[in-house]
Amino acid sequence: MPSNYLSLPLEEVRNRFAEFVADVTTPEGEPLLVTVDGKPVAALVSYEEYEELLRRKYREEFHAIFDELDDVNKELLDK
């Protein structure tokens with residue numbers, strides 16, 4: 001778990017949810033890690049951060065697909 005992120009128990013996050021949403025959506029806002037029994041189970045992030053995470057994920061998946069296609073093409077050419 002990243003040490004620079006605020007980490008709080010679910011009960012506290014539930015009780016102060018609006019406050020934490022406001023915090024993560026500020027320009028300097030950082031994700032909030034939500035814990036249950038001391039273990040991280042979720043993260044609260046701004047929508048912009050969420051979109052960036054999805055973009056990175058899809059970009060990595062896109063590159064992985066083309067890497068696989070390149071491997072298949074090389075195998076076919078070697079036959």
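Mentor: Two strands are said to pair if DSSP finds at least two bridges between them. Strands (E, at least two residues) and helices (H or I, at least four) are DSSP runs, numbered from the N terminus. The model is predicted, with local features requiring pLDDT of at least 70 and side-chain atom pairs pLDDT 80 or more, whereas totals for chains, interfaces and linings use all residues. Residues are numbered from 1 along each chain as its sequence is written, and side-chain values use heavy atoms, without hydrogens or water.

Trainee: What makes β1 and β2 a pair, and in which sense do they run?

Mentor: Four bridges join strand β1 (residues 6–9) to β2 in the parallel sense; the definition asks for at least two, so the strands pair. One of the bridges links leucine 8 with valine 34 in β2.

Trainee: How do you know that β2 also pairs with β3?

Mentor: Five bridges connect β2 with β3 (residues 39–44), and the requirement of at least two is therefore met. These two strands run antiparallel. Leucine 32 has leucine 44 in β3 as its bridge partner, and valine 34 stands opposite alanine 42. The hairpin of β2 and β3 has two residues between the strands, and aspartate 37 in this hairpin takes a positive phi near 55°.

Trainee: Why is alanine 42 called partly exposed?

Mentor: The relative accessible area of alanine 42 is 40%. Buried means under 20% and exposed over 50%, with partly exposed in between (1.4 Å probe, protein chains only), so alanine 42 belongs to the middle class. Leucine 54, found in helix α3 (residues 47–78), is placed in that class by its value of 24%.

Trainee: What makes β2 a mostly covered strand?

Mentor: Four of the five residues of β2 are buried. In the protein chain, 14% of the 79 residues count as buried.

Trainee: Which residues form the largest nonpolar core, and why is it called a core?

Mentor: Its seven residues are Leu8, Val13, Phe20, Val24, Leu32, Val34 and Leu44. The term denotes a set of buried Ala, Val, Leu, Ile, Met, Phe, Trp, Tyr and Cys residues joined through side-chain atoms within 4.5 Å. At least two residues of this core come from each of α2 (17–24) and β2 (32–36).

Trainee: What does valine 34 touch, beyond residues up to four places away in sequence?

Mentor: Contact means heavy atoms within 4.5 Å. By that criterion, valine 34 touches Leu8, Leu10, Val13, Lys39, Pro40, Val41 and Ala42. With neighbours within four places set aside, alanine 42 is in contact with Leu32, Leu33 and Val34.

Trainee: How are the elements of the protein chain ordered?

Mentor: The protein chain has three helices and three strands, in the order β-α-α-β-β-α from the N terminus on.

Trainee: How do you know whether the protein chain is spread out or a compact globule?

Mentor: The radius of gyration, taken over C-alpha atoms, is set against a globule rule of 2.2 Å times the number of residues to the power 0.38. For 79 residues the rule gives 12 Å, while the protein chain has 19 Å, well over that figure, so the protein chain is more spread out than a compact globule. Its C-alpha trace spans about 65 × 30 × 20 Å along the principal axes.
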